[in-house]
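Please find below my comments on the model, set out as numbered points. They are meant to be read with the sequence and the coordinates open.

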Amino acid sequence: MLFQFISLFHFSPSPFFSSMRSFLQFGVAVSFIGFAIGVLKNRSKISKLTDSYNDLKKNHLDLIQKMSSEDCSLENLNLNFCKEITDCLSNKKDLQSAYDSLKTILNYSPDLILIKDSHLRLIYANPSALKIKNQSLEEVIGKTAIDLFGDEGKVFFEKDLGVIKSKKPQHIEEEITVQGYGKKTFLSNKFPLKDLEGKIIGLVCIAKDITERKKLEKELKRSEEKYRKLFELLPIDVQVWDVFYNEKKEVQSSTLSEANPKALKTWGKTLKEVQGKTLNEIFSDHSMTDYYRSTIELMMKKNNVNEIEGYFEPLDLYHRSISIPFGEKFINTIIDITQLKKATLLAQQQNLQLSAIFQSVSHGIIVFDMKGNLILQNQSLEKILYHRRDDLLSQSLHELSEIFLVQTSNGAKISPEDWPVSKVLKGQSIKNSTIKAIHKKTGKELHLNLSGEPIFGPDKKQTHALMIVVDITQEINQKKRLRESGALFSALVNNIPQHAWMCNSHSITIWYNEKFFSYTQVPLEKLQTQGWAILLHPNYCESALKKWLRHFNQGLPWEDTLPLRAHDGTYRWFLCRAHPIMDLTGNITQWFGTNTDVTDQLLLQEKLEKAIQARAEFLSIASHELKTPLTSLKIQNQLLFSDLKAKPNSTYSHQQVLSIAIRTEKQINRLQGLVDDMLDIARIRSGNLPLKKQPMSLSDLVYEISERMNPQFIQAGAPIPKLHLCLSAWGNWDKLRLDQVISNLLINAIRYGNKKPVRIELKSDEKTCHLIVEDHGIGIPEEKQNSIFNPFERTIDADSVSGLGLGLFITQAIVLAHQGRISVKSTPGTGSTFTIELPQHVPLFDPTERPDHVF
Amino acid sequence: MQMKSVLVVEDDQDILENVVIALNIAGYPTHAAENGKLALRFLYQVPEQDLPGCILLDLMMPEMNGFEFIEHLQMEKIFKIKKIPIIIMSAKDNLSYFIKEKPEYDVLKKPFELEQLYSVVKKYCLIPEKIQHA
């Protein structure tokens, strides 16, 4: 049947069929071919078709008959057509089949097929066309488009008219309102029908419904626009490469087909500069070229989508490329992930830093999860707890309590429920909570300072408990030691004999010891407000403060000897010392000072100095005194010597020799006296003045001495002293020493008596003898009266009076050695009275037997 | 040949006595005074032609000591008295200061040699014939 159908085209040379052929060539053929293939595919359908074809043949014949006999109008309208039909009838069989085929085609064609006469009145419309208005063929025959479609039809009419006038086929897109659907678009192929002479006799319109295609096209356009926009606006680089292969199917070269603005921007080029160019032409940089080439080659070989991350060093660009091989094209998208990468790197670095910090901080850090299990800890914690990491990790609080006994700093046990971490697990913050942890195995004690913070997740629910652990064992122990040493210190400073004090860096006294207070009785507050200068003697205040401030400002140890006032208003000398106390950085925070009472020491020193001076003076005097008799002796001896030399034969009379002997004896006695005195001094000084005690009468001794010394009184121009002697003055005494005492007093009375009468009185009561020697001489100045008994003292200037100046000292020493006393009363210019008191002893015989002597 | 006299001022009786004897033996007329006061009194009383050729002066004396006597003499208005040479005669150790201050004074340190006494006195009083012949 196909053969027949095709032969129909070959067979018929009519313009209609030639037109049909061109029509068939134009796309519509697709539907015919589809139809034919459908027939081939289904034999049953073919047999049906054969049947209907036979029916059609019959009908056609009937129609021809009718057309020839009755239907004149049709015949009139197209005589040529009739003629043709007539010709065809001659070849009835072929024509019949062609007609049947045509009818089938017309009836079954989904396209609208309309045949119009030269006045554009419808001659034929196939069922598809009739469907537009759901009309029967009879209803539309003979009507124009305007008749059928009104205003809409006018357009068709004009177009049809155009075809007829131009006598050329036209393809026109038209829109028709279809009943029950709305507007549909049709692609109409209109061509004129010509008779054999070429006269136009009508028009055929074959309209194909392209509504769907049109829609699709529109959508396609729209989506294409969308993708173009997307392509252009994408913030990622998109490059499309055309890839060329060689014969071995290897990638030979590639040229850029498209690149979106972002990609161009990355390269810094315009589209013109790069489109259609090869890699080498685009990039001056070899590394870029190589990179792209290798990527493209690899991708094209693999032929699948691939994702690569890389780094373009020349552009300092981290990127993620998604490459898609696409037929002979290659699409490469590049996302700039530099920021992301850098952020990631930074985050990694920060993470590393954080972890380093976490591990290296000196504080221990532990993290507990909400179940109370230890899930994280750093190295410092291990060091603090002397525990390897594994031992504690993932341990619960109760398990930890098996390892450590936790106590308060006072030693009270704390159960795990009350541990600081338990509070943190309940959402509390803990700051500086101090506990004592005892490692049960080793018994090691740890003092820990704990701080804790709950950690919250993004949903604001607590997720962890973070604990910071600081080992304060050493501090605690140090504090303990410090407290002990502090107690020791205060015990020390309160018991030392010195005053101790401390002042701060503003020179304000902040502390002093009990000794200090008991001496001054000045409250600390008063000292702080008025300054320590209130303790100083006004005469020393200014210079002392000056010196102190100089040392204080320079931070130098200070030492000064100052008179400080006691609470009773008296002053004593103190050696004041202060040392700066520095902190670890070398700043002076405090001064610690002591005041040592040196008053006695100073007095002693003064005494010592005086004694040294006195000794030097004594040596000078002693040598002077010794030289005096020596001078006499020397002159006497040299005179004798020179006389003997000058007169070798002279003889000396007895009188002359006696005189020389007496004078020599006198000087020798003087020398002996001096030496005795000096020996006495040495004995007294060493506390060893031997006494040869014997019962004796003091009155006898006094009488004896005064008798002996009368010539001296007379020689000095003074009257002989008057004696008032009590004879009962008996005792156990050293006679020679007392002789010395009385002689001394009388010599002094002669020396200083100013030639006035001297009175000697001896009194006695039961226990004591009183010997009184009273002169009326120059007297002793009041300030000297206390010191005349000191060694080397003279009441008058040393150049005026000769003598050792030891007399009264030796006198006193002898009296004291007898358990007696010596005293003086004197008024300058009036005279002096010396009184010696000696303890009296029971006499061996009755002294009343002898009457008192009164001279 | 006329010999000038010597005034000896000395509180120690023994020394005074001995010095006077020694000078007398040598032929010098002598006057003695026990302290400065008496010496001054003597100088004012004695006729001008009998003023001593020199004064032998002890320093440590009661009433008026040697230093005071020197001060008095230096203040003296009578030139002849003021100009009498003074020979210090002392057992004091620390005379160096005094010697430095008054280098014009001769000093006899006790105990002195007889020869020293004579040679000093000889400077101011005429040399007695007796000694020369001896």
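1. Which residues do ring pairs link into a cluster? In this predicted model, the cluster joined by ring pairs is made up of Trp501(A), Trp532(A), Trp548(A), Phe552(A), Trp558(A) and Trp591(A). Over all chains, the count of aromatic pairs comes to 16. Among them is the pair of Trp501(A) and Trp558(A), whose ring centres are 6.5 Å apart and whose planes stand at 65°, so that the arrangement is edge-to-face. This pair connects distant parts of the chain, since Trp501(A) belongs to strand E17 (residues 499-504) of chain A and Trp558(A) to strand E19 (residues 558-565) of chain A, with the two positions 57 residues apart in sequence. Trp501(A) and Trp558(A) are both buried.

2. The pair of Trp548(A) and Phe552(A) has its ring centres 5.4 Å apart and its planes at 40°, and is therefore tilted. Both residues sit in helix H24 (residues 538-554) of chain A, where they are four residues apart, or about one turn of the helix. An α-helix has 3.6 residues a turn, so residues three or four places apart point the same way. Both Trp548(A) and Phe552(A) are buried.

3. For chain A as a whole, the secondary structure consists of 29 helices and 28 strands, and 40% of its 855 residues count as buried. Of the contacts in chain A with a separation of 6 or more, 51% are between residues 24 or more positions apart. The exposed surface of chain A is about 50,700 Å², and carbon and sulfur atoms supply 56% of it.

4. Chain B has 134 residues, of which 51% count as buried, and its secondary structure comprises seven helices and five strands. Read from the N terminus, its elements follow the order β-α-β-α-β-α-α-β-α-β-α-α. Of the contacts in chain B with a separation of 6 or more, 68% are between residues 24 or more positions apart. Its accessible surface amounts to about 7,000 Å², with 52% belonging to carbon and sulfur atoms.

5. The contact between the chains deserves a point of its own. It involves 24 residues from chain A and 26 residues from chain B, and the two chains bury about 2,200 Å² between them, 51% of this on carbon and sulfur atoms. Five salt bridges are found across the interface of chain B and chain A. A salt bridge also joins Lys666(A) to Asp14(B), whose closest N and O atoms are 2.8 Å apart. Asp14(B) is likewise touched by Gln667(A), which, leaving aside residues up to four places away in sequence, also touches Pro629(A), Ser632(A), Leu633(A) and Gln636(A). Gln667(A) lies in helix H26 (residues 654-685) of chain A and counts as buried because its relative accessibility is 1%, which is under the 20% limit.

6. What covers the buried residues of helix H6 in chain B? The residues concerned are Leu114(B), Leu117(B), Tyr118(B), Val120(B) and Val121(B), which are buried in helix H6 (residues 114-124). Their cover includes helix H25 (599-646) of chain A, and, from chain B, strand E1 (6-9), helix H1 (13-26), strand E3 (54-58), strand E4 (86-90) and strand E5 (106-109).

7. A search for disulfides over the whole structure finds zero in all chains. Cys769(A) is in no disulfide, the nearest cysteine sulfur being that of Cys726(A), 6.9 Å away, and Cys769(A) counts as buried at 1% relative accessibility. In chain B, the closest cysteine sulfur to that of Cys125(B) is in Cys54(B), at 4.1 Å, and is therefore too far for a bond, given that a disulfide calls for sulfur atoms within 2.5 Å. Cys125(B) too is buried, with a relative accessible area of 3%.

8. Is Arg685(A) buried or exposed? Arg685(A), which lies in helix H26 of chain A, counts as exposed because its relative accessibility is 52%, over the 50% limit. Its C-alpha atom is separated by 9.5 Å from that of Ala813(A), although the two residues are 128 residues apart along the chain.

How values were computed: Residues are numbered from 1 along each chain as its sequence is written. Chains are lettered from A and ligands numbered from 1 in the order in which they are written. This is a predicted model: local features need pLDDT of at least 70, side-chain atom pairs count only at pLDDT 80 or more; totals for chains, interfaces and linings use all residues. Side-chain values use heavy atoms; hydrogens and water are left out. Buried means under 20% relative accessible area, exposed over 50%, partly exposed in between (1.4 Å probe, protein chains only). Contact means heavy atoms within 4.5 Å. Rings of Phe, Tyr and Trp (its six-membered ring) pair if their centres lie within 6.5 Å; planes under 30 degrees apart count as stacked, over 60 as edge-to-face and the rest as tilted. Accessible areas come from the Shrake-Rupley method with a 1.4 Å probe; for residues, only the protein chains shown count as cover. Buried area is the accessible area (1.4 Å probe) that two parts lose on being put together, summed over both. A salt bridge is a side-chain nitrogen of Lys or Arg within 4 Å of a carboxyl oxygen of Asp or Glu.
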